[in-house]
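Student: Can we go through this model together? I'd like to start with the helices and then move to the ligand.

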Amino acid sequence: MLRRLLLQAPTSCRRLSNAYHYSAPSHSPRFFSSSSSSQSPNSSFIEHVEDNANHSTSPPSATVSVDRSGLYNPPEHSHEPSSDSELVKHLKGIIKFRGGPISIAEYMEEVLTNPKAGFYINRDVFGAEGDFITSPEVSQMFGEMVGVWAMCLWEQMGQPNKVNLVELGPGRGTLMVDLLRGASKFKNFTESLQIHMVECSPTLQKLQHSNLKCKDEDNTDDKVNKRSVSTLTGTPVTWHAALEQVPSGLPTIIIAHEFYDALPVHQFQKASRGWCEKMVDVAEDSSFRFVLSPQPTPATLFLMKRCKWAATEEIAKLDHIEVCPKAMELTQTIADRISSDGGGALIIDYGLNGVVSDSLQAIRKHKFVDILDNPGSADLSAYVDFASIRHSAEEASGDVSVHGPMTQSQFLGSLGINFRVDALLQNCTDDQAESLRTGYWRLVGEGEAPFWEGPDEEAPIGMGTRYLAMAIVNKRQGVPVPFQ
Ligand code: SAH
């Protein structure tokens, strides 16, 4: 099946994107390595708000954390005028109104998705001109291989003649465009699709609409669930703010690429009185600062839950732990949907197959910046805790099975990206060939990509082992490719 899909796929090159020639600096958090112990680069900002009570919230105890020792990059401060932005005023307003600090999760959610001024809401943040770059923007082969995965699952589902294909957080829509173009010869598959884009940003929704070459249907009175058709394959496309809004009742394939890393995380720090939540407050000079909660916070329940899923030794060595309740909830929703409607989900992101210690990062224009500096002007993202996703899915439903994580390199390699790059190289210009090779190594390589002839400090870093792939499928579907 795989070979057939790869051999029959169109062999045209998407375009010569300047992304090919762009290299993210090696300290980009989206290319971070992960391994042993770490020091929190932000711990110097923490002011301990001590109280005398002995609030011991110590959960059972962990080992996996993020090694950023070789990646130190002094935080850059923006040189914006000192007057507060709308978002800063809004955040300060919340803190003032509450009469105390807010969780990092609440801060992160506001910074990324505040409907007026969130980082993602009003602009295109991707690519060389933006703030960071993602795999679909690196090479057309990424979306094509995800398409191969989706088609294989569709076959395992018995080739249903109607399927919901849902993408969570589609960015520019590039993955979906490449998926559809790659699959366009497989009419039975493309004609079965109802595409649902789950996207909070009106600006990105418009960009997705345009990149998918969508035409709006005239005769729809339903402004909320406006339906369009992608002229790439004649496939209906609908936009939603959340997965819950995607109509149920059809077998469903869900794709989440670099979506989970944008979900808000709570951070905990071990103090003499036990685990305390790290919070965001306003200092006397009116700047934001981190403080520790004097007593247990509601999110402590999620910390306890996460720690129960971990080995005692895994927790014991950690001074910091991140938990993502929104990732747990989303996984439950995915598992419930797949359990009732059939199908499966593919999650690809950077992360760990275990407890994440302290990974939250801010990145602006491809550089590390201070998490608290000029919120809304930089991306915030955190490592994805794949073990927590597995436990959440298994807890939600006995009808689903979880597979992986495996590295992106294994995933794309097993799906046949080598055959794909060879096929594309038969039919392209010299420039395109160069871009295809660079893109290929960016996707599957570990460390620096070969074929790089630019300055050493800009050598592209492979995403092959830093990114992981996991599948959640209805057990009826058996084991999905390439997790057998
Ligand atoms: N998958 C794309 C983009 C990843 S960036 C790629 O790989 O290129 C994260 C995407 O998720 C953006 O499109 C952002 O607008 C969207 N997003 C972030 N938080 C969201 C939320 N809570 N609800 C819906 N969309 C969200």
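Tutor: Here is a short chat about two helices, the ligand and one serine.
Tutor: This is a predicted model: local features need pLDDT of at least 70, side-chain atom pairs need pLDDT 80 or more, and totals for chains, interfaces and linings use all residues. Residues are numbered from 1 along each chain as its sequence is written, and side-chain values use heavy atoms, without hydrogens and water.

Student: At what angle do H3 and H4 cross?
Tutor: Roughly 150 degrees. H3 covers residues 86-98, H4 covers 104-113, and their axes come within 10 Å. Axes are lines fitted to C-alpha atoms over the stretch in contact, with angles from 0 to 180 degrees between N-to-C directions. Helices are DSSP runs (H or I, at least four residues), numbered from the N terminus.

Student: So which way do they run?
Tutor: That angle makes H3 roughly antiparallel to H4 (over 145 degrees).

Student: Which residues of H3 make the contact?
Tutor: Leu87, His90, Leu91, Ile94 and Arg98. They meet Glu106, Tyr107, Glu110 and Val111 of H4. Contact means heavy atoms within 4.5 Å.

Student: New topic. How many residues surround the ligand?
Tutor: 16, with a heavy atom within 4 Å of it. The closest are Thr134, Gly169, Gly171, Glu199 and His257.

Student: What does glycine 169 do there?
Tutor: A polar backbone atom of glycine 169 is 2.7 Å from a ligand nitrogen. For glycine 171, a polar backbone atom is 3.0 Å from a ligand oxygen.

Student: And where is serine 184?
Tutor: In the loop between helix H7 (174-183) and helix H8 (187-192). Its side chain reaches the backbone oxygen of arginine 181 at 2.8 Å.

Key: Helices (H or I, at least four residues) and strands (E, at least two) are DSSP runs, numbered from the N terminus. Angles under 35 degrees count as roughly parallel, over 145 as roughly antiparallel, 65 to 115 as roughly perpendicular and the rest as oblique. A polar contact is a pair of N or O atoms within 3.5 Å; within protein, one must be able to donate a hydrogen and the other to accept it, and residues adjacent in sequence count only if both atoms are side-chain atoms.
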